[in-house]
Amino acid sequence: MDDQRFDCLSCYEGKSVLNFIHTPNMDRLAAEGVRFRNAFVTFSLCSPSRATMLTGKDVRTHGVNRLALDIPPGCNTLPGLLKQAGYETGYTGKWHLGMHSDRPRPEFDHWAGVRGQGEYVDPVMNINGSVTKAAGYATEIFMDHALEFITRKRDKPFFFWLGQKAPHSPCTPPKHLERLYGDIEVAKPPTYSESHEDKPAWFVEQHGHDYFHLLLHPNAAYQKYVKDFCRTIVSVDEQLGRLMKTLDEKGLTENTVIIHVSDNGHFLGEHQLYSKMLMYEESIRVPLIVRHPGFAPAGRKRDEMALNLDMAPTVLELAGVPVPKDMEGRSLKELIAGRSPRNWRRSYRYEYYCSTWGLPDFDGVRTADG
């Protein structure tokens, strides 16, 4: 997911202004798998976070510290290592690494990507080197590509990375969901009218605060943006239902791991902010659900801190592929299995050094006790 924060699904437990959202398929995934209730990103911005998930390395190591930079040559990636180990690999959707990020990557046997952010409606796609305009809604088109790949006849295991655009702005929902939640008045978060008298000048002059006034204020704008944000998530939930139905019908469910995760969170008016980057919970905390039938205890909830840094070593270990020693994340396999590893992290370091949008460089520590 792109910008889905931790409380943007209905299986989230806690008081939230988004308690009206209904995501039955994400809920099913959580009921049949393991839900990490304290999952975080180490750098809350699309490209840096995606590079971290793909490499198992922190931003200071892989160097992707701003939008559209590419992972440096010679840096191992999750799909590349899986391909070397005999997996057939596929990708569709938003890649957002490299200025020409619609170009097929050698780590993937099948590629159907968009350049940059892509479009919600009739996206221009690069399909294995051929650029074409696809007709329809991106969320559905991406799942079409995923299901076509997954249901192919093959004599090897597969790995597929599906990068949805939703719920990233401009949060355009599909036609059939345009009126969803139309009868609801979304409450404003407690910090929507927060005073900034104690904040430094850059805080009130930066991009996130400017866009709060442009997109999330006054109330009519707030209502539309938040509802459209949630409508696009519901669209992804519908497509997740298609995925799980197909795995069931093809007899693939019991031997397929599904990981649902987001690249970062997003402000919806909290602290008079839009976008992400700043080290508040709405920005750094993300959903993380792993369904692994027969291995992951169904309905288990884990409160240990999990990071986007852990994605690559986790998938590699689940796949039986050696984890390179230079990966800085830690495999979640034992936690997924229901066991409690010794000396699990009790804190992690977040940093932001992008020098854009009027933000200074900063870092901080998020502790396990909040």
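How many nonpolar, polar and charged residues are in the lining of the largest cavity? In this predicted model, that lining has 9 nonpolar residues, 1 polar residue and no charged residues. The residues concerned are A39, F40, V41, V261, V286, L288, A306, L307, N308 and M311, and the elements that contribute two or more of them are β1 (34–40), β10 (285–291) and β12 (306–307). The space enclosed in the largest cavity is about 40 Å³, and a search of the whole structure finds 1 cavity of 30 Å³ or more.

From this cavity we can turn to the largest pocket, which has a volume of about 1,100 Å³. Its lining is made up of 35 residues, and those that lie nearest its centre are F159, F160, V257, I258 and I259. Two or more lining residues are given by each of α2 (46–55), α5, β6, α8 (219–249), β7 (258–261) and α10 (311–318), with the largest share, 6 residues, coming from β6. By class, the lining of the largest pocket divides into 25 nonpolar, 8 polar and 2 charged residues.

Strand β6 leads on to a sheet, in which 5 strands are arranged in the order β5-β4-β3-β2-β6, forming an open sheet with mixed pairing. At its edges lie β5 (130–133) and β6 (158–163), each of which pairs on one side only, and neighbouring strands of the sheet are turned by 15° against each other on average, direction ignored. The pairing of β6 with β2 (residues 88–94) is in the parallel sense and extends over 6 bridges; within it, E88 has F158 of β6 as its bridge partner. Helix α5 (residues 138–150), which also contributes to the lining of the largest pocket, lies across β2, β3 (110–114), β4 (124–127) and β6, and runs at about 180° to β6.

Another element of the pocket lining, α8, also packs with a second helix, α1 (residues 24–31), whose axis comes within 7 Å of the axis of α8 and crosses it at roughly 50°. Because of that crossing angle, α1 counts as oblique to α8. On the α1 side, the residues of this contact are P24, N25, M26, R28 and L29, and they meet I233, V236, D237, E238, L240, G241, M244 and D248 of α8. Taken by class, the residues of the contact of α1 with α8 divide into 7 nonpolar, 2 polar and 4 charged.

Note on methods
Residues are numbered from 1 along each chain as its sequence is written. This is a predicted model: local features need pLDDT of at least 70, side-chain atom pairs count only at pLDDT 80 or more; totals for chains, interfaces and linings use all residues. Side-chain values use heavy atoms; hydrogens and water are left out. Two strands pair if DSSP finds at least two bridges between them. Helices (H or I, at least four residues) and strands (E, at least two) are DSSP runs, numbered from the N terminus. Axes are lines fitted to C-alpha atoms, for helices over the stretch in contact, and angles run from 0 to 180 degrees between N-to-C directions. Contact means heavy atoms within 4.5 Å. On a 1 Å grid over the protein atoms alone, a cavity is a set of points where a 1.4 Å probe fits but cannot get out, and a pocket is an open set with protein on both sides within 12 Å along at least five of seven lines; lining residues have an atom within 4 Å of a point. Grid points are joined across faces, edges and corners, and a volume is the space filled by probe spheres set on the points. Ala, Val, Leu, Ile, Met, Phe, Trp, Tyr, Cys and Pro count as nonpolar, Asp, Glu, Lys and Arg as charged, and the others, Gly among them, as polar. Angles under 35 degrees count as roughly parallel, over 145 as roughly antiparallel, 65 to 115 as roughly perpendicular and the rest as oblique.
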